[in-house]
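Q: I would like a close look at one part of the model shown below. Please begin with that part and then work outward to its surroundings.

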Amino acid sequence: DKSTRPQEEDDDLERLLDPLSTLRGYQKAALQAVEVAAPSNCCVVLPCGAGKTKLGAAVASGFLDKNRSGCVVVMCLRREGMRQWARELFEVWGIRAFEAGVHQDPHHLRDAKVVLATYHRMLSERRRAMKPVVTGAEADGCTEYDDGIGKDGAVDAVAGGAIGARFLASPAGLLIADECHMVPAPKINDLIRALLAPQRRLVGLTATLLREATIEKSRRSDDIDDEEGWPLLGRCVHRETFAGLAPEYLAPVRCVEVRVPVVDAWGELFAEQPLAATICLSRGKWEVLEHLLAKHADEQLLITVERCEQARLIAATFGLIPIDGSVPAAQLKDYLERFRRRKIRALVATHILDDSADFPELSVMIQMGGFFSSRRQEQQRLGRLLRWGPVKKKRWDESKTRPVFYVVVHEGTVEERMSQHRTSSVEGIDYERVSASDLMSPPMSPLVRGDLFEPY
């Protein structure tokens, strides 16, 4: 009797019977646009948190329904993104994907319908496959394993690795480029072109169809038409904006640019080396950071920087966990899971968490420094705050409390000008501009009493 079953059980049953019912209206429209565009390459632009992985899984499932002997390869930016894809494919669509680089028998690759791999993994395989095949006595001490695809490495060399060989060996293939703003990068562009044989198609997914330097050096990124995309990606067949999806599907975010005055020896340093303003953490920035940590002590918080040593210094100063490229994969997974469960309240990270990081309850983000004037990075970092979580949604419904994105910049320097360029690409959000003195009134930082953060 349906009337006696909990709503959660009804939702689970509906998902199992009709996975398409889990898609939102705009996701169904995007899925239809991708299908209509076939067999041409195309891309879809959805804001961070709008469900690109869910849409991509639906595209993959639809392709396999029409091509029973086909193969889908999904290229992700990071392993965290691979885990999200594997979970969505299995839990909603009942598809068990092969995760390249995870502890799985490589011989299972030959029968895999869906293969998940990072761009880095694909490029590494291609580089190894292009080396001469080692045979006979020369093979002593060789640690390369036999992937079971191709004879004596011949097919692998042509395809650019075992994954490429599996993809090209199938009668039909779908290549999904997650975070497809990576496609114009020269090496990735060459890799994808080698895989796009007849009966092969590329579908790109991204939140930011932006790249500061495109593969066509004669064109400026400012001149790129989002509807046109890049030649290899084809047309952008569907696009949604943050303004169009908030607050129903995405969290409204308050963005605040905090302008820190440059005083004393810091002014002399930035006058001699203007770009130093974009990478240095002056005393003023430390005072703002300490104030914001005290103000938001009870909230889930993420600090972002650009350099590893800055992440470690902030972590050591305030007793936080630093996240950078040196953290082992298993340990990183543990940290992020504990952060999602609110067992860890605050993290400080480099650009490693700019993409493919899902934190539904994140409510405060403090950007202490970024990659110069990268508009894509600004949108990606802001996107960490856009996902709804139960606690965040409840606070919005009860008191209209919004998550906050703080951007801390040095006033009157090249960093401030770069920040204006970065924020200009964020549609539907107006940044508040406040001075550090107004933000810290009354002051909460004890650092003003020491000389620990003076330049030497």
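Where is the place of P39, and which two elements does the loop lie between?

A: The model is a predicted one, and the description that follows rests on computed geometry. P39 sits in the loop that connects α2 to β1. The peptide bond between A38 and P39 is cis, with an omega of about 5 degrees. The two elements on either side of this loop lead into different surroundings, and they are taken in turn.

On the helical side, α2 covers residues 25–37 and packs against α3, residues 52–66, with the axes 10 Å apart and at an angle of about 40 degrees. The pair is therefore described as oblique, since an angle of about 40 degrees is neither under 35 nor within 65 to 115 degrees. The crossing of α2 over α3 is right-handed. From α2, the residues that make this contact are Q27, A30, L31, V34 and E35, and they meet K54, L55, A58, V59 and K66 of α3. By class, the contact residues of α2 and α3 comprise 6 nonpolar, 1 polar and 3 charged.

On the strand side, β1 spans residues 42–45 and runs parallel to β7, to which 4 bridges join it. Within that pairing, V44 has H238 of β7 as its bridge partner. Both strands belong to an open sheet of 7 strands with parallel pairing, in which the order is β3-β4-β2-β5-β6-β1-β7. Because β3 (98–99) and β7 (235–239) each have a single partner strand, they form the edges of the sheet, and one side of each has no neighbour there. Strand β1, which follows the loop of P39, thus stands between β6 and β7 in the order of the sheet. In general, the strands of a sheet pair through backbone hydrogen bonds, in either the parallel or the antiparallel sense.

A further helix lies across this sheet. Helix α4, residues 79–93, lies across β2 (71–76), β3, β4 (114–118), β5 (173–178) and β6 (200–206), and its direction makes an angle of about 160 degrees with β4.

The loop after β5 holds another backbone feature. E179 is located between β5 and α8 (186–195), and its phi is near 50 degrees, a positive value in a residue that is not glycine. E179 counts as buried because its relative accessibility of 5% is under the 20% limit.

The cis bond before P39 has a counterpart elsewhere in the chain. The peptide bond from A246 to P247 is also cis, and its omega is near 0 degrees. P247 lies in the loop that runs between α9 (242–245) and β8. Strand β8, residues 254–260, has 5 of its 7 residues buried, so the rest of the structure largely encloses it.

Strand β8 pairs with two strands. It runs parallel to β13, residues 404–410, with 7 bridges joining the two, and V256 stands opposite Y406 of β13. Its pairing with β14, residues 432–435, is also parallel and involves 4 bridges; here E257 has R433 as its bridge partner.

The loop between β8 and α10 (265–272) contains D264. Its phi is positive, at about 55 degrees, although D264 is not a glycine. D264 counts as exposed because its relative accessible area of 58% is over the 50% limit. The two residues with positive phi therefore fall on opposite sides of the classification, with E179 buried and D264 exposed.

A second helix pair offers a contrast with the contact of α2 and α3. Helix α15, residues 375–383, and helix α17, residues 414–423, pack with their axes 8 Å apart at an angle of about 70 degrees. They are therefore roughly perpendicular to each other, and α15 passes α17 in a right-handed crossing. R375, Q377 and E378 of α15 meet H421, R422 and T423 of α17. The residues of this contact include no nonpolar ones, dividing instead into 3 polar and 3 charged.

For the chain as a whole, the secondary structure amounts to 18 helices and 14 strands. Of the 456 residues, 52% are buried. Among contacts between residues at least 6 apart in sequence, 77% join residues at least 24 apart.

How values were computed:
Residues numbered from 1 in each chain as written. Predicted model: local features only at pLDDT ≥ 70, side-chain atom pairs only at ≥ 80, totals over all residues. Heavy atoms only, no water. Pairing = 2+ DSSP bridges. Contact = heavy atoms within 4.5 Å. Axes fitted to C-alpha atoms, helices over the stretch in contact; angles between N-to-C directions. Buried < 20%, exposed > 50% of the residue type's maximum accessible area, 1.4 Å probe, protein only. Parallel < 35°, antiparallel > 145°, perpendicular 65-115°, else oblique. Left-handed = near helix turned anticlockwise from the far one by under 90°. Nonpolar A, V, L, I, M, F, W, Y, C, P; charged D, E, K, R; others polar.
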